[in-house]
Amino acid sequence: MNDFEPVIIAFVCNWCTYTAADLAGTSRLMQPSNVRMIRMMCTGMVDPKYVIKALLEGADAVLISGCHPGDCHYINGNLKARRRVKLLKAILKRFAVDEHRIKMTWIGASEGIDFAAIVTGMVKEVKALGPNMLRRTMVI
Amino acid sequence: MSMTAESTIRENNAITSAQLLFRDMLLEGGITALLVAQHLPMKNTVMPTLITDPDELRAVDPFAPCYSMNTAKVVSKLTRKSLESPIAVVLRPCEIRAFVELVKLKQGCMDNLLVVGTECLGAYGNRDYPIFAGSEPMAATLRFYEKAQGGTTATVNGLEMAPACKACEHPVPENADLVIGVIGADMNGPASVTAKTEKGKALLEKIGREQSAQSSGREAALAKLMEERIAYRDKMFAETVEATSDLEKLMSYLGNCINCYNCRVACPVCYCRECVFTTDVFDHDPAQYLRWAKKKGVLKMPTDTVFYHITRMAHMSLACVGCGQCSNACPNGIHVMELFRTVADETQREFGYEAGRSISEDPPLSTFKENEFPEVTARTH
């Protein structure tokens, strides 16, 4: 499984984590290229069905990342997102979806180094988990 | 502090005693309309009816072991705006609990509403009930209670009660103003009526009902009932967990789903006014299906079945009261109630929430705290 390159779908907020990812890029920090980033205005608008769809379509993991508590551009969207992620993890755990396949983090706009480190760590973690079996199976 | 009133000698069984109670409520209790289940004259089934004329109570049977639908949806329609004059609604425990969830989701209102709860020993599925009831549905109701008092898995005429009812640990109504008692009672005598709130107490006083004790066998009968139901429920949880323990098994469980969405239509707590799965979002371009098919070489049609069910779980599992209307409505006999209840048990436990328990408890996704669930965002590296 050494040649397994995971696909990670990342839903990141415009104000913090997207800016941090941008900073990581402009700072030329090395990071793996497994992440497909989707910029949202806020993690509070990440509908659970986006995450479910990504995993059913064969994504190996989903990252949801927004501002630190207290820093949300919309005051508390990130804290609402945390409850939704908790619910999703509880549901998907029932169907043996490893909870490491759904990750939530807070990464502030100035934390480019953190972004690169978290992505690097996550890719390593997902590689250890192996591919999402739904990549090849027919999903009803 | 509850007050129990027993009906007078005019009544000869539990059903007629309830009819007389409702009649008094309409005539003297200041109740302008009553929502209660009755046997329809044109079809051998039981449906909720809204009654304003006290002479129209002859076919009313709040105990009929039939649950055509979860009446909470009807009460929601009646109370979308606050009621101008008092209305009473006669509901089963699962209907009250679903209505409590709808009130919290701002899809119902308790103002001017008097909730009469009936203790419930269960019901038959919609296909079985007409067979059970035969040509004398009222007599069938009384016969059902004689048998069902013996335990949850009792069969009458060889028919099994709905699995949701066998697994229900809420035979006694919560959040009701008045409770009509049948557990441990002799249905050939009058049913007991207990006031649980000030509103209920005031109504009983208004119609001049006196206090009396509840049936002596009630406690023992209730304990036995609960024991059987909890045992059935836990066995059901264990079997469903095993049957859906990974996504492949879940797909096999839901394999004959035809995306009719009946489970969503019948669900009292599926609260979206418009379900996203019936909007343009899922009205895919024909070319999209071909692109999907090309990806794996094969595409199951209609698409998005498991996607729909898991998304629905994310919407309703925290509000699921386990009424079983989803299974009642499934045309292909998929055991959806078992699946949704099992998932709901888990998600509600995660949030320390119980659907229908209390009107003052916020639904988990409508609120948040600043410091909670640190494990969700914990860094592992």
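**Exercise 1.** Which side chain meets that of B:R209 in a salt bridge, and what is the N to O distance?

*Solution.* In this predicted model, the side chain of B:R209 meets that of B:D24 in a salt bridge, with 3.0 Å from N to O. The pair links distant parts of the chain, since B:R209 is placed in the loop between α7 (198-206) and α8 (218-243) of chain B, B:D24 belongs to helix α1 (residues 14-27) of chain B, and the two are 185 residues apart. As a last step, consider accessibility: both B:R209 and B:D24 are buried.

**Exercise 2.** Decide whether A:K49 and B:K249 are buried, partly exposed or exposed, and name the salt-bridge partner of each.

*Solution.* Begin with A:K49, which forms a salt bridge with A:D47, the closest N and O atoms lying 2.7 Å apart. Because its relative accessible area is 13%, A:K49 is buried, the cut-off for that class being under 20%. Turn next to B:K249, whose side chain meets that of B:E242 in a salt bridge at 3.1 Å, N to O. B:K249 has 30% relative accessibility and therefore counts as partly exposed.

**Exercise 3.** Locate B:K81, classify its accessibility, and name the surface patch to which B:K81 contributes.

*Solution.* B:K81 is found in the loop between α2 (72-78) and β4 (87-91) of chain B. Its relative accessibility is 63%, so B:K81 counts as exposed. Together with B:K77, B:R80 and B:R273, B:K81 forms a positive surface patch.

**Exercise 4.** Which residues are linked with A:K53 in a network of salt bridges?

*Solution.* The network links A:K53 with A:E57, B:K295 and B:D304. Over all chains, the count comes to 25 salt bridges.

Conventions
Residues numbered from 1 in each chain as written. Chains lettered and ligands numbered in written order. Predicted model: local features only at pLDDT ≥ 70, side-chain atom pairs only at ≥ 80, totals over all residues. Heavy atoms only, no water. Patch = residues over 30% accessible without salt bridge, like charges linked within 9 Å, V, L, I, M, F, W, Y side chains within 5 Å. Areas by Shrake-Rupley, 256 points an atom, 1.4 Å probe, with all protein chains shown as cover. Salt bridge = Lys/Arg side-chain N within 4 Å of Asp/Glu carboxyl O. Lys, Arg positive; Asp, Glu negative; His and termini not counted. Charge placed at Lys NZ, Arg CZ, Asp CG, Glu CD. Helix = DSSP H or I, 4+ residues; strand = E, 2+ residues; numbered from the N terminus. Buried < 20%, exposed > 50% of the residue type's maximum accessible area, 1.4 Å probe, protein only.
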